[in-house]
Amino acid sequence: MRCFWDDRQRLHAPSGEFFNGAMHPAAEHPGRVDAILAAIGRTEEPVDFGLHPLLQVHRAEYLDFLREAYAHWHAAGRLGDAFPYTFPIAGRRPLKFSRIDADLGQYSFDTSTPIGPATWEAAYWSAQTALAALQAVKSDERTGFALCRPPGHHAGADYFGGYSYLSNAAICAVSAGKRVAILDVDYHHGNGTQDIVMDHDAMVFASIHADPTTDYPFYWGHADESRGSILNLPFPRGTEWSGYEPALVRALDWIEKAEPEMLIVSYGADTHEDDPISHFKLKTSDYAPMARRIAALGLPTVVLMEGGYAVDALGTNVAEFLSGF
Ligand code: SP5
Ligand code: ZN
């Protein structure tokens with residue numbers, strides 16, 4: 001399988017994240033990719049598809065903000081990474097501010113997703129890496145893998161959060177130019193992807209994830225958000241392969257009925273039993289069977305990396321998953 005990666009994705013190196021009332025080391029750090037690269041072997045660099053595909057999904061003002069945010073933060077005399085501290089939960093609407101703090105809050109929903117000096121560059125190349133895998137699948141490959149970092153599935157058309165800044169899956173889906181199904185198997189609900197899918201025809205979204213009544217991102221991912229183009233299958237903490245597999249079969253049946261021409265998989269290895277921030281109990285040996293079930297759809301498939309924070313198991317988990325295609 002052709003695998004894509006760009007070294008500029010390493011440049012995003014958050015100094016930490018804030019949750020439970022304290023700063024913690026960033027779970028989403030560049031060391032993750034060393035583990036994956038060591039396990040998957042040769043990778044190819046993407047070409048630059050430019051801003052156009054990003055603008056098909058994201059608001060221009062949001063992209064301008066992301067590109068300029070760190071410079072504004074720095075110009076305001078702040079040290080370290082840019083963090084929001086206040087959020088417009090009521091009446092969120094596009095407003096013009098002259099304070100970086102107001103912009104940070106209006107474009108984000110958590111305090112785990114800081115913006116550093118190279119966050120834009122890394123997120124940009126993460127999206128380009130996804131587009132390169134799409135290009136490979138559109139031309140001649142059955143399957144392609146994009147080692148995307150930072151991840152994308154929590155980012156919406158005009159917001160970031162959950163370690164995600166650009167919606168790699170939705171950018172691929174729009175650029176595919178055909179009917180696309182997105183299957184999200186990260187531990188966390190792909191709220192950003194879901195929000196974007198609601199605004200686009202020709203995309204459907206199925207997600208298997210931790211019950212948002214107990215787990216991040218809390219405010220999305222509930223079963224009652226399911227509709228024509230959306231299927232949410234939340235599962236309790238402690239879920240093992242015996243509970244996961246029937247959900248996967250259900251999601252794949254649903255996708256088949258939607259008659260897509262292409263599949264995008266948002267793959268998170270944070271469903272693994274050792275993941276430090278997640279609570280499913282999948283084993284390394286479950287990932288190849290998972291991929292074989294997905295591959296049985298017989299669709300051209302782009303696999304995008306999302307989460308996965310158990311660095312010692314991460315490389316093997318990704319390689320096992322890819323081996324099933
Ligand atoms: C792409 C992805 O997997 N994003 C996940 C973002 C989750 N952020 C949650 C931050 C709070 C983590 N709480 C951890 C408790 C550890 N005991
Ligand atoms: Zn996740």
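The following legends describe several views of a predicted protein model.

**Figure 1. Overall view of the predicted protein, which contains 10 helices and 9 strands.** The radius of gyration is 18 Å, close to the 20 Å that the globule rule gives for 325 residues, so the protein is as compact as a globular protein of that length. Along its principal axes, the C-alpha trace extends over about 55 × 40 × 40 Å. Of the 325 residues, 52% count as buried. When contacts between residues at least 6 apart in sequence are considered, 75% of them join residues at least 24 apart.

**Figure 2. The span annotated in UniProt as "domain: Histone deacetylase".** This annotation comes from an unreviewed entry and covers residues 29-323. Helix makes up 39% of the span and strand 12%. The C-alpha atoms at the two ends of the span are 25 Å apart.

**Figure 3. The largest nonpolar core, a group of 93 residues.** Ala146 and Leu304 are the residues with the most contacts inside this core. Helix α5, formed by residues 119-139, gives the most to the core, contributing 13 residues. Apart from neighbours within four places in sequence, alanine 146 is in contact with Phe4, Thr129, Ala130, Ala132, Ala133, Val302, Leu304 and Met305.

**Figure 4. The surroundings of ligand 1, with 15 residues around it.** Those that come nearest are Phe19, Pro151, Gly162, Ile277 and Gly307. Sorted by class, the shell consists of 5 nonpolar, 7 polar and 3 charged residues.

**Figure 5. Phenylalanine 19, one of the residues that come nearest to ligand 1.** This residue lies in strand β2, which comprises residues 17-19. Phenylalanine 19 is classed as partly exposed because 13 other C-beta atoms lie within 10 Å, whereas a buried residue needs 20 or more. Residues up to four places away in sequence aside, phenylalanine 19 touches His24, Thr111 and Ser112. Serine 112 is 93 residues away along the chain, yet the C-alpha atoms of phenylalanine 19 and serine 112 are separated by 7.0 Å.

**Figure 6. Helix α7, residues 191-198, enclosed by the rest of the structure.** Because 7 of its 8 residues are buried, helix α7 is largely enclosed. The buried residues of α7 are Asn191, Gly192, Thr193, Gln194, Asp195, Ile196 and Val197. Their cover includes helix α6 (168-176) and the strands β5 (180-184), β6 (203-210), β7 (230-235) and β8 (262-267).

**Figure 7. Leucine 104, a buried residue of helix α4.** Helix α4 consists of residues 100-106. Leucine 104 counts as buried because 23 other C-beta atoms lie within 10 Å. Beyond its neighbours within four places in sequence, leucine 104 is in contact with Ala69, Ala82 and Pro84. Between leucine 104 and alanine 82, the separation is 22 residues in sequence and 8.0 Å in space, C-alpha to C-alpha.

**Figure 8. Alanine 295, a partly exposed residue of helix α9.** Helix α9 is made up of residues 287-295. Alanine 295 is classed as partly exposed because it has 16 other C-beta atoms within 10 Å. Not counting residues up to four places away in sequence, alanine 295 touches Gly324 and Phe325. Threonine 143 is 152 residues from alanine 295 in sequence, while their C-alpha atoms lie 9.1 Å apart.

How values were computed:
Residues are numbered from 1 along each chain as its sequence is written. Chains are lettered from A and ligands numbered from 1 in the order in which they are written. This is a predicted model: local features need pLDDT of at least 70, side-chain atom pairs count only at pLDDT 80 or more; totals for chains, interfaces and linings use all residues. A nonpolar core is a set of buried Ala, Val, Leu, Ile, Met, Phe, Trp, Tyr and Cys residues joined through C-beta atoms within 7 Å. A residue is buried if 20 or more other C-beta atoms lie within 10 Å of its own, exposed if 12 or fewer, and partly exposed in between; C-beta atoms are placed from the backbone. Helices (H or I, at least four residues) and strands (E, at least two) are DSSP runs, numbered from the N terminus. Two residues are in contact if their C-beta atoms, placed from the backbone, lie within 7 Å. A residue is near a molecule or strand if its C-beta atom, placed from the backbone, lies within 6 Å of it. Ala, Val, Leu, Ile, Met, Phe, Trp, Tyr, Cys and Pro count as nonpolar, Asp, Glu, Lys and Arg as charged, and the others, Gly among them, as polar. UniProt positions are given in the numbering used here, feature names are shortened, and annotations may be inferred rather than shown by experiment. The radius of gyration is taken over C-alpha atoms; the globule rule is 2.2 Å times the number of residues to the power 0.38.
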